[in-house]
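Trainee: Could you take me through one part of this model up close? I'd like to look at the largest pocket and what lines it.

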Amino acid sequence: MTRRVILRKRRRAISATLLCAALATGCDYNDIDHLYIATGIGVDREEHSVRLSMDLIQPGGAGNPATGENSNSQGNAPDWIVSADAPTFEEAMSGLQAKLSHSLYLQHNALVLFSEDALRDFSPIADALERDRQLRRSQLWVVTPTSAESVLRESTGQSEPISLVIRDLVDEASRREACLASDELHVVKALLRPSGVAPLAAIEEGPDGSPEVKGLAYLRRDGKLDIVDRARLLDNAWWLGRTLDVREAVPWTEGGHQGVMGVHWLRTSTRPVVDTSGRSPKVRVVWRGTGEIERWQASEKMSANTFAALEHAIRVDVKHRLAEALDHARAVDMDAFGLTNACAEKGIQLREGAWKRLQVEYDIEPHIVHGQLASTTPFAQEAKGGGGSS
C-alpha cells in the first residue's frame, strides 16, 4: 500500500471522527438541569385573551439553576405550574417563556387540557398546536367543563406531575372504552372527516381534589362542544366501537317481579353498515357482545331458555341505549357517531344535516357465557326467595 493511499485513508478517518463529534456535541445541546420540561398545557379563554398554564418538571429540584430556590409555590409537589395570558396562543406561549430563565422543552408534553370556554374559538388554537413541531402528535387532548388552570393547580395529594396523573387516568379508562383514547393525531383526523366531529375524554376534579373521568366530550370542527356525563358514557362508547371489561346493570323481569342483573361484558364491538339497496340509504348498526352474569335476582335455575330470555332482555336494553344516544346526537346537531362518514365510504355524499334523517336499524346479538363466578352465584343453583349475591 502506497504512502499516498495510507494518508488518504487516515484523512477520511479523521474527518469521520470530527463529524461524529460535531453531531454528538452540537450547538443546540443543553444540560437537562437548565431546561424546563413541560408535561402538560392547560388552555383557558378569558374575555379577550388566551390563558396558558404549563405543568413543568424541575429536574434539579429546588436548587435547580433553571428554577431557583423558591420557584415551587406548590410546596413538595413534583411539578410547578406557571401561567400567562395574551391575545393569541402564540403570544401566550412567548409570555410563558419570558417568565422562565431557561428554555422550555416541549418534546415530552403528554397532555393538552382545554376548558370548555377555550373551545369557543378553537380553530386558531388547533392551528397553533399543529404548527408547533416540538409537540408530539401522541399527546392527549382532554376537556374539562371547569378551568384548566384550576384543575392543574388545585389537584392535591399527587406523587407525580398532575398532567401525567391525568394522562394515566385517561389511558386506563380507554382500555375499557376505546373512544376515550383522544390523542391529537386521531382527534384531528376525526375532525377532518366528513362528519367533522371528534370524541375526547372529559375530566374534572373529584370530591377529594383528584382528577376523575367525567364522561365523553364531542368536539365539532367549528368548536361546538357537547359533554355527555358518566351515566351515558357506555351508551356512547358502544356506538363508537369496541369496549373491553366493562360492567352494566340490566333491568330484568321474571315472574311478574322486576330485578336487575349485573353483566360483565368481556368484549363488545359496534360497526355501522350502510345499505344502498333501497331508494334511500339505510344504516344497520351491528352490535356484538360477549358477557358473563355477575349478579342475578331471580328464583330460577339457569337453562337454555333462561339464557335466551336473558339475552332478549339485554337486546332490548342495548337497543334502547343506542337509540337514546342517537336521539341526543340529533338533538344537539352533532354527527357524533359518524353516519356521514359511513355513507361517504360507500360513495354517498349527504347534504348538510341529512344524517339526522337516515333510517337506522339495530342488529344486536349478545352472547352470555359461563364464567369463573358460575359456581358461586345463584344461577348455578336454585335461588331462594328471589334474592341474589354478587
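**A look at the largest pocket**

Mentor: Sure, let's start with the space itself: the largest pocket holds about 600 Å³. Lining that space are 25 residues, and A190, R193, P199, L240 and N341 are the ones closest to the centre of the pocket. Keep in mind that you're looking at a predicted model.

Now, which elements supply the walls? Those giving two or more residues to the lining are α6 (184-192), β7 (197-205), β11 (257-275) and α9. Of these, α6 gives the most, with 4 residues. Sort the lining by class and you get 13 nonpolar, 7 polar and 5 charged residues.

It helps to set the second largest pocket beside that. Its space comes to about 340 Å³. Here 17 residues do the lining, and P194, S195, E352, G353 and W355 lie nearest the centre. The class count for this second lining reads 6 nonpolar, 5 polar and 6 charged residues.

Let's step back to the whole chain for a moment. You can count 9 helices and 13 strands in its secondary structure. There are 390 residues, and 47% of them count as buried. What about contacts between residues at least 6 apart in sequence? Of those, 67% join residues at least 24 apart. On the outside, the chain exposes about 19,800 Å², with carbon and sulfur atoms supplying 49% of that area.

While you're here, have a look at two backbone oddities. Most residues other than glycine have a negative phi. D245, though, has a phi near 55°, which is positive, and this residue isn't a glycine. You'll find D245 in strand β10, which covers residues 243-254. Is D245 buried or exposed? Neither, quite: its relative accessible area is 39%, so D245 is partly exposed.

The other one to find is D333, where phi is near 60°, again a positive value in a residue other than glycine. D333 sits in the loop between α8 (304-331) and α9 (339-345), and α9 is one of the elements you met in the lining of the largest pocket. With 33% relative accessibility, D333 counts as partly exposed, because that value falls between the 20% limit for buried and the 50% limit for exposed.

So if you want a route through the model, begin at A190 and N341, two of the residues closest to the centre of the largest pocket. Then trace α6, which gives 4 residues to the lining, and finish at D333 in the loop before α9.

Terms used:
Residues are numbered from 1 along each chain as its sequence is written. This is a predicted model: local features need pLDDT of at least 70, side-chain atom pairs count only at pLDDT 80 or more; totals for chains, interfaces and linings use all residues. Side-chain values use heavy atoms; hydrogens and water are left out. Buried means under 20% relative accessible area, exposed over 50%, partly exposed in between (1.4 Å probe, protein chains only). Contact means heavy atoms within 4.5 Å. Accessible areas come from the Shrake-Rupley method with a 1.4 Å probe; for residues, only the protein chains shown count as cover. On a 1 Å grid over the protein atoms alone, a cavity is a set of points where a 1.4 Å probe fits but cannot get out, and a pocket is an open set with protein on both sides within 12 Å along at least five of seven lines; lining residues have an atom within 4 Å of a point. Grid points are joined across faces, edges and corners, and a volume is the space filled by probe spheres set on the points. Ala, Val, Leu, Ile, Met, Phe, Trp, Tyr, Cys and Pro count as nonpolar, Asp, Glu, Lys and Arg as charged, and the others, Gly among them, as polar.
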